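The following note is offered to a colleague who has the model at hand. The points are numbered and may be read separately.

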2 protein chains.
Amino acid sequence: MLQQALVAGIDIGGTNVALGLVNKQGDIVWKDSFPTKQFDDFSLLVSHAAGKIEVANRSIGTDHLLGCGIGAPNGNFYSGCIEYAPNLLWKGIIPVAKLFNEALQQPCVVTNDANAAAMGEKLYGAAKPFNDFIIITLGTGLGSGLYVHGQLVYGHDGFAGELGHTIIEVNGRACGCGRRGCLETYCSASGIVRTYQELVPSSSLQAQQIYQLASEGNEQALKAFTITGEKLGLALANAVAYTSPEAIILFGGLVQAGNLLLQPTQEHFNKNLHNLYRGKVKLLTSTLKESDAAILGAASLIWQKETL
Amino acid sequence: MLQQALVAGIDIGGTNVALGLVNKQGDIVWKDSFPTKQFDDFSLLVSHAAGKIEVANRSIGTDHLLGCGIGAPNGNFYSGCIEYAPNLLWKGIIPVAKLFNEALQQPCVVTNDANAAAMGEKLYGAAKPFNDFIIITLGTGLGSGLYVHGQLVYGHDGFAGELGHTIIEVNGRACGCGRRGCLETYCSASGIVRTYQELVPSSSLQAQQIYQLASEGNEQALKAFTITGEKLGLALANAVAYTSPEAIILFGGLVQAGNLLLQPTQEHFNKNLHNLYRGKVKLLTSTLKESDAAILGAASLIWQKETL
């Protein structure tokens, strides 16, 4: 039997850990997931994930695992650590790459979840044709990854691309990062929940339910999406003035709302874009299946190294 | 006599054109300037500048001119043109590199004035030690240039680094670009004039006079600087979340105000910086003489090509 080289991709989210084995063509040949919060101790998560990967690897019949890429909130490519992630259980600095390397005995590389998504889009998704693009992940929070001249931007310390933590409103909404007015407190699943609560103070609806209401034509729910798109469109127009990308790619759960979100976002993006950039910047959505993109992105950390 | 290779550097500003001859060490061996607005026709400016360069070149006794770098508002590195510069006399698209090439019979390269300043700082100034930095030019407007991983960011179309045209206030001050609320309408020499006018509606003072008043302890003038620093500090803290630079370097006329501007800027930069970046990002001022930096920066467009 021909041995197929595989890479493990792991996406550590606040709620779930998704993991898979990926071949060079970007096919996920095996995948699984488990809840994140059952592990008070991060090293228990590592042995659980590593165990699953080893079993899968054996059952597929390949022993040629090239390495493991891990995407996580506040994951730092340079240090291999998760550093002070506000939305995770584990506080301080967690040596993720080191722990997975010990468990799997293979090269392990870490980056933040949005950077992993950007690499996944570049290798396998909507960003393939572009050297300069920005990916925006709209999940519980707002993450971002920047490509400049064909390269992912890490910045001097590995923490580039935190657009979710640009302050768009002085003394605005309280953010998990300890400051106020961050973009992600408005433009994210949790942001739209807060926007809707401002419109309907008694509400305890979650993003999915607000989407449902909006789909049925509910005025306040529609307004919550319009407000979100208005702020996101402006933020994206501002982002263009930094790196002049050819495309911005939207990704993540909130994007499933489709035109409810995309139409006002595109409208306010167009309205606020400097005329130097008008008509030049595509606003696209991810072409990867959401559950796969995080795994593909994490795995591409290793595949990209292999192809350099 | 030993022939010294020289490069011409030209900075086309809204008010003055500065030009010089620069050797590889970054010494300006000759410089001159003339007012911009006397030339309704851009080709007359080109022949005037080229004539001065040729005379200087002959009088220095070198015939080894390697090329000419030109910095200009809305200068596009890729196209070699000034494109739709709101603060210049000439409208539309001006083929600057082509016209200078015809006049000088040497390779001519164009970029925007802030990118040229960034390259000058990287080759000869305060940015020498840094691979990831942002330069902010505070003149009549606010320009910027971004270095990522040791390379100047041009973006897909040559127009990266227009932070002066990020909208910081919805429905804010009218900007020359046709939109409202752009950063440069607050944080620039013209911005501080408008801020002071909001405090003292009868004022017709220019930035230099507001500085003079503030130096003498005038309350409203001091307040104008504080407000400017407050908005600039926040904008710079937001900028860090994009490319995670090691330093931000402030440059241009307004920086001459020293601590009147720098102290509130630093204070609000610190206050608004995400804790991931705290204590890691230096806020510096240019170490180049202002009249020289633009020439050096423009010349470095050619010197950088020579050293690649």
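1. Arg194(B) is part of helix H4 of chain B, which covers residues 189-199. The model is a predicted one. Arg194(B) has 15 C-beta neighbours inside 10 Å and therefore counts as partly exposed; a residue is called buried only from 20 such neighbours upward, and exposed at 12 or fewer. Leaving aside residues up to four places away in sequence, Arg194(B) touches Arg173(B) and Thr185(B). Between Arg194(B) and Val281(B) there are 30 Å in space, C-alpha to C-alpha, and the two are 87 residues apart in sequence.

2. The corresponding helix of chain A, H4 (residues 189-199), may be considered next. Which of its residues are buried? They are Ala189(A), Ser190(A), Gly191(A), Ile192(A), Thr195(A) and Tyr196(A). The buried residues of H4(A) pack against two helices of chain A, namely H5 (207-215) and H6.

3. Helix H6 of chain A also bears on the contact between the chains. To that contact chain A gives 34 residues, and chain B gives 34 residues. On the side of chain A that touches chain B, the elements giving two or more residues are strand S10 (142-148) and helix H6 (219-243). H6(A) supplies the largest share of that side, with five residues.

4. How are the two chains related to each other? A turn of 180° with a shift of 0.0 Å along the axis lays chain A on chain B, with an RMSD of 0.0 Å. This is the relation of a two-fold axis. Of the interface residues of chain A, 100% are also interface residues in chain B, so the copies meet through the same surface.

5. As to overall architecture, chain A contains eight helices and 13 strands. Its radius of gyration is 19 Å, close to the 19 Å that the globule rule gives for 308 residues, so chain A is as compact as a globular protein of that length. Along the principal axes, the C-alpha atoms of chain A fill a box of roughly 55 × 45 × 40 Å. Of the 308 residues in chain A, 54% are buried. When contacts in chain A between residues at least 6 apart in sequence are considered, 65% of them join residues at least 24 apart.

6. One helix pair in chain B deserves a separate point. Helix H1 (residues 42-60) and helix H2 (residues 96-104) of chain B pack with their axes 9 Å apart, at an angle of about 40°. That angle makes H1(B) oblique to H2(B), and the crossing is right-handed. From H1(B), the residues that meet H2(B) are Ser43(B), Val46(B), Ser47(B), Ala50(B) and Ile53(B). Their counterparts in H2(B) are Leu99(B), Phe100(B), Ala103(B) and Leu104(B).

7. Two loop residues may be checked for their backbone angles. Gln105(B), in the loop between H2 and strand S8 (108-112) of chain B, has a positive phi of about 55° although it is not a glycine. Is Gln105(B) buried or exposed? With 11 other C-beta atoms within 10 Å, Gln105(B) is exposed.

8. Asn74(A) is found in the loop between strand S4 (65-72) and strand S5 (75-76) of chain A. Its phi is near 60°, a positive value in a residue other than glycine. Asn74(A) has 22 other C-beta atoms within 10 Å and is therefore buried.

Notes. Residues numbered from 1 in each chain as written. Chains lettered and ligands numbered in written order. Predicted model: local features only at pLDDT ≥ 70, side-chain atom pairs only at ≥ 80, totals over all residues. Least-squares fit on C-alpha atoms with pLDDT ≥ 70 in both. Contact = placed C-beta atoms within 7 Å. Helix = DSSP H or I, 4+ residues; strand = E, 2+ residues; numbered from the N terminus. Rg over C-alpha atoms; globule rule 2.2 N^0.38 Å. Axes fitted to C-alpha atoms, helices over the stretch in contact; angles between N-to-C directions. Parallel < 35°, antiparallel > 145°, perpendicular 65-115°, else oblique. Left-handed = near helix turned anticlockwise from the far one by under 90°.
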